[in-house]
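How do strands pair up inside a protein chain? Take a look at the structure below, then read on.

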Amino acid sequence: MRAAVQHETGQDKLEVLDDIEAVGFGPGKVRIRIRATGLCHSDLSAMSGVLPQPAPFVPGHEGAGEILDVGDGVTGLGQGDRVLMCWLPACGSCPSCKRGQTHLCLAGFMNAGTPNFRRPGGDVFGFAGTGTFAEEVVVPANCAVPIPDDVPYEIAALIGCGVTTGLGAALNTARVAAASSVAVIGCGGVGISVIQGAKACGAAEIIAVDPVPARREAALRFGATEAVAPEEFADAKARITAGEGFDYVFEVVGKSATARTAYEMTRRGGTLCVVGAGAMDDTFQVNMFELFFDEKRILPSLYGGADVLRSYERAIALWRAGRIDLEGLITHRVRLAEINDALDQMRSGTALRTCIEI
């Protein structure tokens, strides 16, 4: 079968090969035919080495498709079922799961150390234990979440990561209050989903901050009340909040520099929500006096900060009701053979989400 492979960490191009085999099928596993997958910035981060990932590997973790086969002991799933991919499944028995913080379960991360694929040259891993830039993938059954028949594969794929992450940051982690002021730094697919989440919460002011004009224009279509370039952010703070700062500031870039800016743009007693996935050697610094004196809440948000299965259901309900726009997030569509075009679109900022049709 075909899959897009990164041979070594740091390479900026993928090679589409046709000698890949999905491996590991057996008890408790399912084999999925991928139909659509989104390109998330986390895939680029894994390719560059910002996020740790063994190589060679197949990127992709935001996918949807149909089940081809189920292993012994799998219940609730059958051949032909339409599913989306959950790259961080809950085991249900670890301390995090028992506390109700299923999004912090580490079982899914353990999958990343087991090869999902094989080719004549040896084993190939799947990013985050999945690897959706492939025609087929074998994953634990709890990675496959059934989707209703009215949800297209490309929409389900986005719900599998970017949409859930962005909406959840606003609704679950920060719990944006009605009539509040919000700023979002970084307006790609996840940042736009944060904006939609803040709008659904009833925020009065939603300021989008991004260096790319096309992304600023998109942010306005999705609910931002104003969109500014980074160098205009301080002026927006002065005009909109009388210099006090925003009630909520979301950092959706994953850099300590933008996190520091977000902290400074947050009002005293306000909330900084860190959504971007950054590097382990990039340190965010706050001095002890300001931490105490300003009483700003610093809240990281992993995968939407709540039970992902419930978050998937909520995203579908909001989409069905017309409260959020998911189709509009897909700005480009390519085939697997054109995967490197999709990478260029993401790096240049011209794409919110590129749908890769497998």
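## Strands and their partners

In strand 16, Glu251 finds its bridge partner in Val274. This is a predicted model. Strand 15 and strand 16 (residues 266-274) are parallel, and 5 bridges pair them.

A helix also belongs to this part of the picture. Strand 15, helix 9 (residues 256-265) and strand 16 form a β-α-β unit, and the unit is right-handed.

Strand 15 has a further partner. Strand 12 (residues 181-185) runs parallel to strand 15, and 4 bridges join them. Here Ile185 has Glu251 of strand 15 as its bridge partner. So Glu251 is a bridge partner of Ile185 and also of Val274.

Is strand 15 buried or exposed? Strand 15 covers residues 246-251, and 6 of its 6 residues are buried. Buried means under 20% relative accessible area. Strand 15 is therefore largely enclosed by the rest of the structure.

Now turn to an open sheet. It has 4 strands in the order 3-8-9-5, with mixed pairing. Strand 3 (21-22) and strand 5 (57-58) stand at its edges. Each has a single partner strand, so one side of each lacks a neighbour in the sheet. Strand 5 runs parallel to strand 9 (residues 122-126), joined by 2 bridges. Val58 has Gly126 in strand 9 as its bridge partner.

The table lists the parallel pairs described here.

| Strand pair | Sense | Bridges |
|---|---|---|
| Strand 12 and strand 15 | parallel | 4 bridges |
| Strand 15 and strand 16 | parallel | 5 bridges |
| Strand 5 and strand 9 | parallel | 2 bridges |

What holds such strands together in a sheet? Strands pair through backbone hydrogen bonds, either parallel or antiparallel.

Note on methods: Residues are numbered from 1 along each chain as its sequence is written. This is a predicted model: local features need pLDDT of at least 70, side-chain atom pairs count only at pLDDT 80 or more; totals for chains, interfaces and linings use all residues. Side-chain values use heavy atoms; hydrogens and water are left out. Buried means under 20% relative accessible area, exposed over 50%, partly exposed in between (1.4 Å probe, protein chains only). Two strands pair if DSSP finds at least two bridges between them. A crossover is right-handed if, with the strands pointing away from the viewer, the path from the first strand over the helix to the second runs clockwise.
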